[in-house]
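Subject: Structure handover

Hello,

Here is the structure you will be working with. Please open it beside this email and follow along; the findings come after it.

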Amino acid sequence: MHILPPAFCRRILSIMIFLLTTLAASGLPAQSLQSQSPPAESAERAARMRWFREAKFGLFIHWGLYAIPAGEWKGQLIPGIGEWIMNRAKIPVKEYEQLAVQFNPVKFDAEAWVRLAADAGMKYIVITSKHHDGFAMYASKASPYNIVDATPFKRDPLKELAAACARQKIRLGFYYSQAQDWHEPNGAGNTWDFGPDDKKDFDQYLRTKAEPQVAELLTQYGPICLIWFDTPRMMTAERSQRFIDLLRRLQPACLIDGRLGTAGDYRSMGDNSIPNAVVREDWEVPATLNHTWGFKKDDTDWKPPAELVFKLVDIVSKGGNYLLNVGPTAEGVIPQASQDNLRAVGRWLKINGEAIHGAGPTPFGDELGSYSETEKDKNGKPVFKARADWRCTTSAGKLYVHLFRWPDEAFELRAVKDTVVRAYLLADPRRTRLAVKQEGETVTVALPAKAPSELDSVLCLETKSVSGRR
Ligand code: FHN
């Protein structure tokens, strides 16, 4: 009898889980997901994932040399996302490197950045330690192309952020571009200086830069909550495994995102891509506040607080985390509009945070939307029609109904399996009881005439399970 190697079995299992969850996220109606339960997990994994499952909301920071051109090169506005300017404008390494000599972000204030995340109600920060341009935003011995050795600034912002995060009790993680490195002859992506990727000695780059730098990140800054790998070009299972081994050896509790090249600790959805239905595994959506990650001076199309709150709630009601990005300027300032909009979300969370942090997904699903029976997309698949009137998040014995459109007088909720014993609005500090009528699985709650919040008024229904019904 042939015994399959355990690594092979794990790989097959993870592919099966991926296929099943992809199917669940894209094709099945949300309601049919109610009966699915997540795969069994080890106590070790449950402990490692706990903070991530409670956090729900994090701050992404894309900061690097690309903040200097801020979308403009030699007098020309370069289309696309700001941190890709080197690639988009095909800037030779020798020219792009000169940005380092100018980089002096004297207004950088780690405490203020972390305070913004805390004010916004965010529980973790993920900052670019090295993006695709190959420039390390920290003191790296593995490459002199770093902020301490190559700029007049000479400070290590990651060290300052680690100290500020420890003081303000926010977790810190690092984005690291493991595959694309446009500065290195053997890194992926820079074809304008170094020719096609398939002619490169990619392992030479991994061994001499990427792996040593990830080791530095895991040993120089105290406990790191996660490493956020990205764009896994040429990352075979074997190459990815080398990073996993490094992480598990140096910081076993540190999470790995979903873009290493093999399954990480959680799934990373596409940029700004929120699934249509509940996804019963750990996941996160990285998202922008405007249309770029790195600062771009001509992108001021900011998502308003109402949209940010809706997206946060929508994501949590589907079981995920929202990692929302800011792109600081070359001086080290987070654009004021980003700050204002994030703080508005934070003010809403101060009142309604119990319906987000640590909250579980909706037990319903019909409120999320449904597939059109007539309209098809260009691939012939039914178009998903999202609804945006209300969402539901949960905690033990509580349903949080997020009302984005205030109903006239009463709100009716169907398919409620438990008995509602009390109803009130989270915005009401006195938690005044609202009149509830329950007939079978249909619950009707009488509401005051005016919505307590313009962003999202949260109705809390305390429930008691009906024995034999669930
Ligand atoms: O190419 C990157 C991009 O610059 C940015 O960092 C985003 C964030 O999710 N990730 C890649 C594109 O998906």
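Helix 2 contributes five residues to the lining of the second largest pocket, the most of any element. Please keep in mind throughout that this is a predicted model. Helix 2 covers residues 43–55, and it shares the role of giving two or more residues to this lining with helix 8 and strand 5 (171–176). In total, 21 residues line the second largest pocket. Those nearest its centre are I170, R171, L172, P223 and C225. Sorted by class, the lining has 14 nonpolar, five charged and two polar residues. The volume of this pocket is about 410 Å³.

Helix 8 also turns up in a salt bridge. Its residue R167 pairs with E111 of helix 6, and the closest N and O atoms of the two are 2.5 Å apart. Helix 6 runs over residues 110–119 and helix 8 over residues 157–168, so the pair ties together parts that are 56 residues apart in sequence. The count of salt bridges for the structure comes to 38.

Next is the ligand. Which residues come nearest to it? They are H62, E83, H132, D230 and D271, out of 14 residues around the ligand. By class, this shell is made up of six nonpolar, four polar and four charged residues. Three polar contacts are worth finding on screen:

- D230: an N or O atom in its side chain is 2.5 Å from a nitrogen atom of the ligand.
- D271: a polar side-chain atom lies 2.7 Å from an oxygen atom of the ligand.
- W84: a polar side-chain atom lies 2.8 Å from an oxygen atom of the ligand.

How much of the ligand does the protein bury? Taken alone, the ligand exposes 330 Å², and the protein buries 90% of that.

Last, the cavities. There are three of 30 Å³ or more in the structure. The largest cavity holds about 70 Å³ of space. Its lining consists of 13 residues, and N290, T292, W293, W302 and G327 are the closest to its centre. By class, the lining of the largest cavity has six nonpolar, six polar and one charged residues.

If you want an order for going through the structure, start with helix 2 and the pocket lining it contributes to, move on to the pair E111 and R167, then look at the ligand with D230 and D271, and finish at the largest cavity, with W293 and W302 among the residues closest to its centre.

Regards

Definitions and conventions: Residues are numbered from 1 along each chain as its sequence is written. This is a predicted model: local features need pLDDT of at least 70, side-chain atom pairs count only at pLDDT 80 or more; totals for chains, interfaces and linings use all residues. Side-chain values use heavy atoms; hydrogens and water are left out. On a 1 Å grid over the protein atoms alone, a cavity is a set of points where a 1.4 Å probe fits but cannot get out, and a pocket is an open set with protein on both sides within 12 Å along at least five of seven lines; lining residues have an atom within 4 Å of a point. Grid points are joined across faces, edges and corners, and a volume is the space filled by probe spheres set on the points. Ala, Val, Leu, Ile, Met, Phe, Trp, Tyr, Cys and Pro count as nonpolar, Asp, Glu, Lys and Arg as charged, and the others, Gly among them, as polar. A residue is near a molecule or strand if one of its heavy atoms lies within 4 Å of it. A polar contact is a pair of N or O atoms within 3.5 Å; within protein, one must be able to donate a hydrogen and the other to accept it, and residues adjacent in sequence count only if both atoms are side-chain atoms. Accessible areas come from the Shrake-Rupley method with a 1.4 Å probe; for residues, only the protein chains shown count as cover. A salt bridge is a side-chain nitrogen of Lys or Arg within 4 Å of a carboxyl oxygen of Asp or Glu. Helices (H or I, at least four residues) and strands (E, at least two) are DSSP runs, numbered from the N terminus.
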